[in-house]
Amino acid sequence: MTPAGLLHHFSSKEELFVEVLRQRDERIRAAVGDPAEHRLIEQSADVVAYNQSAPRGLSALYTTVAADAIDPAHPAHREFVDRYRDSAASAERIIAAGQAAGEIRTDVDPARAGRLISAVMDGLQQQFLLDEEIDMVALFDEFVRGYLRPL
């Protein structure tokens, strides 16, 4: 497709990038499923494994656009704010249910844990993009074992 053709469908490169990331999210969801009660930790670990094995370009694009979107004037700012807020809220509910079922430590605050899961995932992804020898899967498993799993 030509640059003119792209501009016909997208008003800016940021809009194009956001659409590419939406499609990336759909591929990940198709591969590993949505977070669900009794499966949040496993699903999150599956996403980490998927990102470690997938082509680096899409992970790099995600990391770059997320960093650029901290500017409130960025076209994707609201989308990333909503993405993280909605993900944390969903995880909070699932974590609370996991605590009730004895699957997640009861001394963990569900709201904080909901934020920490995506923070750890994104941080590991950024480190992996800088150094391919980082084993995101093993490090995420260590986080889960040390922070979320019952003692």
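**Exercises: aromatic rings and a helix crossing**

Both tyrosine 62 and phenylalanine 80 are buried. Keep in mind that you're working with a predicted model.

**Exercise 1.** Work out which kind of aromatic pair tyrosine 62 and phenylalanine 80 make, and what parts the pair ties together.

*Solution.* Start with the ring centres: they sit 5.7 Å apart, and rings pair if their centres lie within 6.5 Å. Next, take the planes, which are at 50°, so this pair is tilted. Finally, find the helices: tyrosine 62 belongs to H4 and phenylalanine 80 to H5 (residues 77–100), so the pair links parts 18 residues apart in sequence.

**Exercise 2.** Follow phenylalanine 80 to tyrosine 84 and decide whether each is buried or partly exposed.

*Solution.* These two rings also form a tilted pair, with 6.5 Å from centre to centre and 40° between the planes. Both residues are in H5, four residues apart, or about one turn of the helix. Now check the cut-off: buried means under 20% relative accessible area. Phenylalanine 80 has 6%, so it's buried. Tyrosine 84 has 22%, so it counts as partly exposed. Put the rings together and you get one aromatic cluster of Tyr62, Phe80 and Tyr84.

**Exercise 3.** Describe how H4 and H6 are oriented to each other, and what their contact is made of.

*Solution.* The axes of H4 (residues 56–68) and H6 (residues 110–130) come within 10 Å and cross at roughly 120°. The two helices are therefore oblique to each other, and the crossing is left-handed. On the H4 side, the residues in contact include Arg56 and Tyr62; on the H6 side, they include Asp122 and Phe128. Sorted by class, this contact has four nonpolar, four polar and two charged residues.

Definitions and conventions:
Residues are numbered from 1 along each chain as its sequence is written. This is a predicted model: local features need pLDDT of at least 70, side-chain atom pairs count only at pLDDT 80 or more; totals for chains, interfaces and linings use all residues. Side-chain values use heavy atoms; hydrogens and water are left out. Axes are lines fitted to C-alpha atoms, for helices over the stretch in contact, and angles run from 0 to 180 degrees between N-to-C directions. Angles under 35 degrees count as roughly parallel, over 145 as roughly antiparallel, 65 to 115 as roughly perpendicular and the rest as oblique. A crossing is left-handed if the near helix is turned anticlockwise from the far one by less than a right angle, and right-handed if clockwise. Contact means heavy atoms within 4.5 Å. Ala, Val, Leu, Ile, Met, Phe, Trp, Tyr, Cys and Pro count as nonpolar, Asp, Glu, Lys and Arg as charged, and the others, Gly among them, as polar. Rings of Phe, Tyr and Trp (its six-membered ring) pair if their centres lie within 6.5 Å; planes under 30 degrees apart count as stacked, over 60 as edge-to-face and the rest as tilted. Buried means under 20% relative accessible area, exposed over 50%, partly exposed in between (1.4 Å probe, protein chains only).
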